[in-house]
Amino acid sequence: MNYGADSVEETVAFNDRLAALQSSLPAIETQPPEVTRAARMEEGGIFPPPVFLPQARWLEIPSRGGGLRVRVLPPKGEAKGAYLHFHGGGWTIGAADGQDTLLEAIAELTGLCAVSVEYRLAPEHPYPAGPDDCEDAALWLLDAGAAELGVPTRFAVGGESAGGHLSVVTLLRLRDRHGITGAFAAANLVFGAFDLTGTPSRLHWDDSRPLVLTNSAMTWFSDCFLPGMSDTDRRDPDISPLYADLRGMPPALFTIGTADPLLDDSLFMAARWQAAGNTAELRVYEEGCHAFTAFPLEVAQLANQAQLAFLRDAFT
């Protein structure tokens, strides 16, 4: 997506600072996940520190793993439906309460009640624990969740990075395991990982320039999530949805930056989504790094506004 030269210059300068900062810190794959998790929740690490909003509440819902929690952020007015959200973090770090301000903005500016899932994390809980939790959360929302939340039965789904992956896996499981299609009106897929064996943009990434994510980090995340699995195993559509039959999927918005190792994941998936007969909108942001939407940049504002408009338009 084209935007002003000043915005591109701002993004390039930010990337230079970020790469220098990240190079001075231990690589994520060199320390235990619990260390990174604690740092993210306490001070943010390379990200802005999280803000925990008092109006957010936890709700425990039924699941096969037991004790599954979702974090609920309703709009101030009457809700128009619900946005089922899966957080990022490589299936290994991150938390449902790590992006309250993002979910608050979605709730207020779309009228959707944001429901973020605290799915189980690897390596303590490898595949299929996390996807199972996301599937169970979706089934709860479609069955009893809307009534429990007090919202109309109008739903969208989405997430960032691993959350984008889990969104697609959940939609495919609903279709293939439960015969459910059309329940979600929109899929907001933000720099998702869709081929866990690695697309060319990831495999050719220069790890000497870390911009949030590197190929080495992605390999570590995948190994935590999928211990001992071969590439053949990892091409199972339940693991790498790029290889799935994608018929019957909802309209999707794919958001990605050109300075992201997962660039090809979105390029390839958007093409396959559309080729399967679905509506796909692809927005590519020049020099956007992985997770660029979390930073105070003009390009992030543009991308976030486009996501809000996409979610609003899904219900008009």
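**Local geometry and packing in the predicted model**

Asn 215 is found in helix H7, which covers residues 215-225. All of what follows refers to a predicted model. With a relative accessible area of 17%, Asn 215 falls under the 20% cut-off and is therefore buried. Once the neighbours within four places in sequence are left aside, the contacts of Asn 215 are with Arg 202, Leu 203, Trp 205 and Asp 207.

A good place to go next is the loop between strand E3 (81-86) and helix H3, where Trp 91 is found. Trp 91 is buried, at a relative accessible area of 3%. Neighbours within four places in sequence aside, the residues in contact with Trp 91 are Leu 121, Ala 122, Ala 162, His 165, Leu 166, Ala 193, Leu 196, Met 218, Phe 221, Ser 222 and Phe 225. The contact with His 165 has a polar component, since the two side chains form a polar contact at 3.1 Å. Along the chain, Trp 91 and Leu 109 are 18 residues apart, and their C-alpha atoms are separated by 28 Å.

Thr 92 is found in the loop between E3 and H3 as well. At 0% relative accessibility, Thr 92 counts as buried. The side chain of Thr 92 reaches back to the backbone oxygen of Gly 90, at 2.9 Å. Beyond four places in sequence, Thr 92 is in contact with Pro 33, Arg 37, Leu 121, Ala 122, Pro 123, Trp 220, Phe 221 and Cys 224. Leu 121, Ala 122 and Phe 221 thus appear among the contacts of Trp 91 and also among those of Thr 92. A further long-range pairing involves Ser 222: Thr 92 and Ser 222 are 130 residues apart in sequence, yet 9.0 Å apart in space from C-alpha to C-alpha.

Two of the residues that Thr 92 contacts, Ala 122 and Pro 123, are joined by a cis peptide bond with omega near 0°. Pro 123 has its place in the loop between strand E4 (112-117) and helix H4. A second cis peptide bond runs from Tyr 127 to Pro 128, with omega near 10°. Pro 128 lies in the loop between E4 and H4 too. As background for these bonds, most peptide bonds are trans, and most residues other than glycine have a negative phi.

Positive phi values in residues other than glycine turn up at Ser 161 and at Ala 291. For Ser 161, phi is near 60°. This serine lies in the loop between strand E5 (155-160) and helix H5 (162-178), and Ser 161 is buried, with a relative accessible area of 11%. For Ala 291, phi is near 65°. Ala 291 lies in the loop between strand E8 (280-289) and helix H10, and its relative accessible area of 10% makes Ala 291 buried.

In helix H4 (residues 129-149), attention turns to Asp 133. At 2% relative accessibility, Asp 133 counts as buried. The side chain of Asp 133 reaches the backbone nitrogen of Arg 120 at 2.9 Å. Arg 120 is also listed among the residues in contact with Asp 133 beyond four places in sequence, together with Ser 63, Leu 68, Val 117 and Tyr 119.

The final feature is a helix pair. Two packed helices are described by the angle between their axes and the distance between the axes. Here the helices are H3 (residues 100-110) and H10 (residues 298-313), whose axes come within 10 Å and cross at roughly 45°. An angle of that kind lies between the 35 degree limit for roughly parallel and the 65 degree limit for roughly perpendicular, and H3 and H10 are therefore oblique to each other. The crossing of H3 and H10 is right-handed. On the H3 side, the contact is made by Ala 105, Ile 106, Leu 109 and Thr 110, and on the H10 side by Leu 308, Leu 311 and Arg 312. By class, the residues of this contact divide into 5 nonpolar, 1 polar and 1 charged. Leu 109, one of the H3 residues in the contact, is the leucine whose C-alpha atom is separated by 28 Å from that of Trp 91.

Conventions: Residues numbered from 1 in each chain as written. Predicted model: local features only at pLDDT ≥ 70, side-chain atom pairs only at ≥ 80, totals over all residues. Heavy atoms only, no water. Axes fitted to C-alpha atoms, helices over the stretch in contact; angles between N-to-C directions. Helix = DSSP H or I, 4+ residues; strand = E, 2+ residues; numbered from the N terminus. Parallel < 35°, antiparallel > 145°, perpendicular 65-115°, else oblique. Left-handed = near helix turned anticlockwise from the far one by under 90°. Contact = heavy atoms within 4.5 Å. Nonpolar A, V, L, I, M, F, W, Y, C, P; charged D, E, K, R; others polar. Buried < 20%, exposed > 50% of the residue type's maximum accessible area, 1.4 Å probe, protein only. Polar contact = N/O pair within 3.5 Å; in protein donor to acceptor, adjacent residues only side chain to side chain.
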